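Biologist: Before we discuss any detail, could you put the model up so that we can both look at it?

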2 protein chains.
Amino acid sequence: MPLCIRRATEKDGELILGLIRELATYEREPESVVATIEDYLTYGFGPQKLFEAHVAEWDGKPVGFTLHVYLYSTWTGKPSLYLEDIYVQPAHRGRGIGKALFVHLARVAVERGCERYQWQVLDWNQPSIDFYSSMGARSTPEWIPFRIDGQALRDLAAKTGILDEA
Amino acid sequence: MPLCIRRATEKDGELILGLIRELATYEREPESVVATIEDYLTYGFGPQKLFEAHVAEWDGKPVGFTLHVYLYSTWTGKPSLYLEDIYVQPAHRGRGIGKALFVHLARVAVERGCERYQWQVLDWNQPSIDFYSSMGARSTPEWIPFRIDGQALRDLAAKTGILDEA
C-alpha cells in the first residue's frame with residue numbers, strides 16, 4: 001500500500017516548514033510565513049509543546065501534512081481537536097490522501113476523548129468547503145472570528161485601566 | 001481598589017461552572033453545558049491540562065471569569081492566545097471589569113510570547129462586537145468556522161479509506 005501517515009518528528013522541521021509555505025502560497029499569503037525551525041522545535045517538541053503534526057507519504061515520499069492543537073469546550077467539558085493546517089501537494093491530489101489524513105485526525109480526536117473536531121476555511125476555497133461538507137462537517141457562520149495581532153496586541157497589553165489605578 | 005483578577009484554582013470548580021452556565025444562558029443554549037467538576041479538574045489542573053482560567057472579584061466577591069487555551073500559528077511560528085470565554089455578571093457591568101479582564105489576558109498573551117490574541121463572537125451579539133472593536137480588534141469574516149461533533153465525529157473516525165485497504 002503506497003500511503004503511510006505518521007507522526008512528525010524533530011527531523012521533519014524543514015519538510016513541514018516547506019509544506020506550510022506551499023499552503024500559504026495557495027492561501028495567497030506566502031509572505032506571511034515567518035516561522036523558523038527553532039519555533040517548530042520549541043512548540044512541537046520542547047517543554048512548551050503545543051502542537052502535533054502528521055506527515056503523509058506516498059511511495060515513501062512526503063506529499064502532505066496536518067498540524068493540530070487542542071481546545072477545551074466549556075460546554076462539553078472535553079477537549080476539541082483544532083486542525084490548524086491540512087495540505088496535500090497539488091500533484092498528489094485525487095488519490096484520497098486528503099481524506100485519509102482528515103479521517104486519521106478524526107481518529108486521533110476520538111482517541112484523545114474529544115467531543116469536537118473543528119477548523120476554519122477561507123470563504124473562497126470552494127473545493128475545501130465541498131470536501132468538508134462531504135465528510136459530514138457543518139459550518140457555524142454565526143460565530144465570527146476576531147483577532148488582535150502583533151503591535152496592536154502589545155499596545156492593548158500596555159493600556160492602563162481600573163486595575164492600574166492607585 | 002475593589003477589583004482583583006486572579007488565576008483560578010482547583011477550588012473554583014463550582015464557581016466557574018456556575019458562571020459558564022450563566023454565559024451559556026446568555027448565548028441562548030443553557031442546555032448545552034454538560035461539563036462537570038471532574039472535567040474542570042482534569043483539563044485545568046491534571047496531567048492533561050489544557051486551559052487556564054481567571055476570576056474577577058469585586059469587593060472580594062466573584063463577578064466574572066475568563067477561560068483560555070493556546071493555539072499555534074504556523075505562519076508566525078508563535079502561540080496564539082485563544083479566549084474561549086469571557087463573562088461579567090449583568091449586575092456588575094459598566095464598571096470596566098470586562099475591559100480589565102480583556103486587557104489582563106492581552107498581557108498574559110504578551111508574557112507567553114503570543115503574536116495573536118483571538119476568539120469568536122456570535123453574530124447577533126452587537127454589544128460584544130462593539131466592545132471588541134473599541135479595543136482595537138478586527139473581525140476576519142473570510143475565515144468560516146467548521147466543525148464535526150459527537151456521534152458524527154465518531155462516525156467519521158470509523159470510516160474506512162485507502163489506509164485500511166489490504
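The exchange below takes up the sheet, the relation between the chains and a few individual residues.

Biologist: In what order do the seven strands of the open sheet stand?

Modeller: This is a predicted model, and in it the pairing within the open sheet is mixed. β1 (3–7) and β6 (138–139) of chain A stand at the edges with a single partner strand each, so one side of each is left without a neighbour in the sheet. Read across, the order is β1(A)-β2(A)-β3(A)-β4(A)-β5(A)-β7(B)-β6(A).

Biologist: Which residue of β7(B) is the bridge partner of A:Gln118?

Modeller: Strand β5 of chain A, residues 116–122, pairs with strand β7 of chain B, residues 143–149, in the antiparallel sense and over seven bridges. For A:Gln118, the bridge partner in β7(B) is B:Arg147.

Biologist: At about what angle does helix α1 of chain A run to β4(A)?

Modeller: Helix α1, which comprises residues 13–26 of chain A, lies across β1, β2 (52–58), β3 (61–72) and β4 (79–88) of that chain. Its angle to β4(A) is about 80 degrees.

Biologist: What rotation superposes chain B on chain A?

Modeller: The superposition has an RMSD of 0.0 Å, with 0.0 Å of shift along the rotation axis. The two copies are thus related as by a two-fold rotation axis, and the same surface serves both, since 100% of the contact residues of chain B recur in chain A. The rotation is 180 degrees.

Biologist: Is A:Thr140 buried or exposed?

Modeller: A:Thr140 is placed in the loop between β6 and β7 (143–149) of chain A, and, when residues up to four places away in sequence are not counted, A:Thr140 touches B:Pro145 and B:Arg147. Its relative accessibility is 2%, and because anything under 20% falls in that class, A:Thr140 counts as buried.

Biologist: Which residues of chain A are in contact with B:Gln118?

Modeller: B:Gln118 lies in strand β5 of chain B, residues 116–122, and is buried, with a relative accessible area of 10%. Leaving aside neighbours within four places in sequence, its contacts include B:Leu71, B:Ser80, B:Leu81, B:Tyr82 and B:Leu83 from chain B. From chain A, the contacts are A:Phe146 and A:Arg147.

Biologist: How many disulfides does the structure hold over all chains?

Modeller: Among the cysteines, A:Cys4 is partly exposed at a relative accessible area of 32%, whereas B:Cys114 is buried at 4%. Over all chains, the number of disulfides is zero.

Methods
Residues numbered from 1 in each chain as written. Chains lettered and ligands numbered in written order. Predicted model: local features only at pLDDT ≥ 70, side-chain atom pairs only at ≥ 80, totals over all residues. Heavy atoms only, no water. Pairing = 2+ DSSP bridges. Helix = DSSP H or I, 4+ residues; strand = E, 2+ residues; numbered from the N terminus. Contact = heavy atoms within 4.5 Å. Axes fitted to C-alpha atoms, helices over the stretch in contact; angles between N-to-C directions. Least-squares fit on C-alpha atoms with pLDDT ≥ 70 in both. Disulfide = S-S within 2.5 Å. Buried < 20%, exposed > 50% of the residue type's maximum accessible area, 1.4 Å probe, protein only.
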